[in-house]
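Welcome! Let us take a walk through this model together, beginning with its overall layout and ending at its ligand.

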Amino acid sequence: MPSDGDWWGRAPGRVNLIGEHVDYLGGVVLPAAVDRFTEVSGRPAPEWSITSDVPGGLAYVRAVGEELGVAPQAVVVTSQVPPNAGISSSAALLVAVAAGLKPDMEGKEAALACQRAEQKATGVQVGVMDQFASALGRRGGAILLDCATLEYQVVPFPDEVAIAVIDSGEHRSLAATPYNQRRREAESGDPKRRRHVDSEIARVHAFVAALRARDFARMGALLKQSHLSLRDDFEVSTPNVDAIVERAWSIDGCWGARIMGAGFGGSVLALVERPRTKSFETALGRPVLFCTTAAGAFAKP
Ligand code: GLA
């Protein structure tokens with residue numbers, strides 16, 4: 001724990017099991033907080049500053065502080081959430097700062113403040129999913145979140161299904177991608193984009209039913225369908241990501257895989273039988289980050 005600050009906070013990264021590019025349209029999503037954490041500490045200072053191994057956090061820290069109405073702070077960050085690995089290091093940083101500065105805040109309010117802060121810091125009109133998962137995720141569960149009402153349920157997620165995150169090596173900051181453009185296209189009712197959104201929301205419900213029934217093969221099939229929809233209808237995949245996803249599909253012990261998060265490169269999610277994680281990584285021929293579910297920064301035990 002960073003020790004010499006006046007306050008301290010910690011928040012996890014997240015994965016999104018299914019429900020991609022639907023949060024900002026009021027759809028349902030199924031993210032989970034995962035066991036990689038960002039820790040922050042801080043104390044009042046004449047101006048906002050950040051000490052961190054990872055560049056680029058100052059705009060986030062300042063933006064969340066301003067959202068919370070807090071005077072400038074000198075903030076020290078230590079993070080196990082690799083940047084650009086697809087598990088939302090930005091949400092983990094924002095939520096850790098909010099948890100440190102306002103530990104008694106209601107989790108939903110914190111998630112919304114962090115979403116606004118991210119929008120302000122980046123100019124990207126992100127949805128609330130990542131910040132919500134980092135704030136209110138649960139160990140042993142995924143969060144079925146209705147982004148229109150912010151009502152949510154915890155759906156048990158078994159440790160025997162390993163959550164694998166694969167870095168595609170293609171990284172672009174969201175501000176440099178057509179994320180805002182895709183959002184506008186979907187909002188304005190473009191038929192192809194809507195076809196993804198409507199089918200993806202149906203897949204979230206089907207995935208939750210399969211998860212409750214422990215039908216892991218069905219969950220994997222839904223991940224595949226999600227990928228094809230994100231590739232062909234929402235057009236946020238890349239040839240390199242498609243190749244990784246297809247390779248993952250072919251490996252024994254992998255239930256399914258798809259592009260995860262905003263896309264345009266980024267990362268791939270795969271669900272893998274827990275005893276076969278090593279052979280999966282070897283067969284894939286790339287480093288894999290294996291995660292388990294974890295508690296969010298504002299989750300009540
Ligand atoms: C990014 C955004 C989220 C969400 C995903 C796509 O991770 O921060 O709000 O829109 O992309 O599902």
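## Two domains and what lies between them

The centres of domain 1 and domain 2, taken over C-alpha atoms, are 21 Å apart. To find these parts in the predicted model, follow the domain assignment of the protein: domain 1 covers residues 7-156, and domain 2 covers residues 161-291.

Now look at where the domains meet. On one side, 35 residues of domain 1 are in contact with 40 residues of domain 2. The size of an interface is often given as the accessible area lost when the parts come together. Between domain 1 and domain 2 the buried area is about 3000 Å², and carbon and sulfur atoms give 69% of that area. Three residues deserve a closer look here: I18, E20 and H21 supply 22% of the area that domain 1 buries against domain 2, more than any other three residues.

What kinds of polar links join the domains? There are 14 residue pairs in polar contact between domain 1 and domain 2, counting pairs with both residues at pLDDT 80 or more. The count of salt bridges between domain 1 and domain 2 is 1. You can also find the side chains of E20 and R258 meeting in a salt bridge, with 2.8 Å from N to O.

Which elements make up the side of domain 1 that touches domain 2? Those giving two or more residues are β1 (7-18), β2 (28-44), α3 (107-122) and β6 (152-156). Of these, β2 gives the most, with 6 residues. By type, the residues on this side of domain 1 divide into 18 nonpolar, 12 polar and 5 charged.

## Around the ligand

Finally, turn to the ligand. The residues around the ligand are R14, E20, H21, D23, Y24, V126, G127, M129, D130, Y179, G261 and A262. You have already met E20 and H21 among the residues that domain 1 buries against domain 2. A polar side-chain atom of E20 lies 2.6 Å from an oxygen atom of the ligand. For H21, a polar backbone atom is 2.7 Å from an oxygen atom of the ligand, while a polar backbone atom of A262 is 3.4 Å from a ligand oxygen atom.

Terms used
Residues numbered from 1 in each chain as written. Predicted model: local features only at pLDDT ≥ 70, side-chain atom pairs only at ≥ 80, totals over all residues. Heavy atoms only, no water. Domains from an automatic or database assignment. Contact = heavy atoms within 4.5 Å. Buried area = accessible area lost by both parts, 1.4 Å probe. Salt bridge = Lys/Arg side-chain N within 4 Å of Asp/Glu carboxyl O. Polar contact = N/O pair within 3.5 Å; in protein donor to acceptor, adjacent residues only side chain to side chain. Helix = DSSP H or I, 4+ residues; strand = E, 2+ residues; numbered from the N terminus. Nonpolar A, V, L, I, M, F, W, Y, C, P; charged D, E, K, R; others polar. Near = heavy atom within 4 Å.
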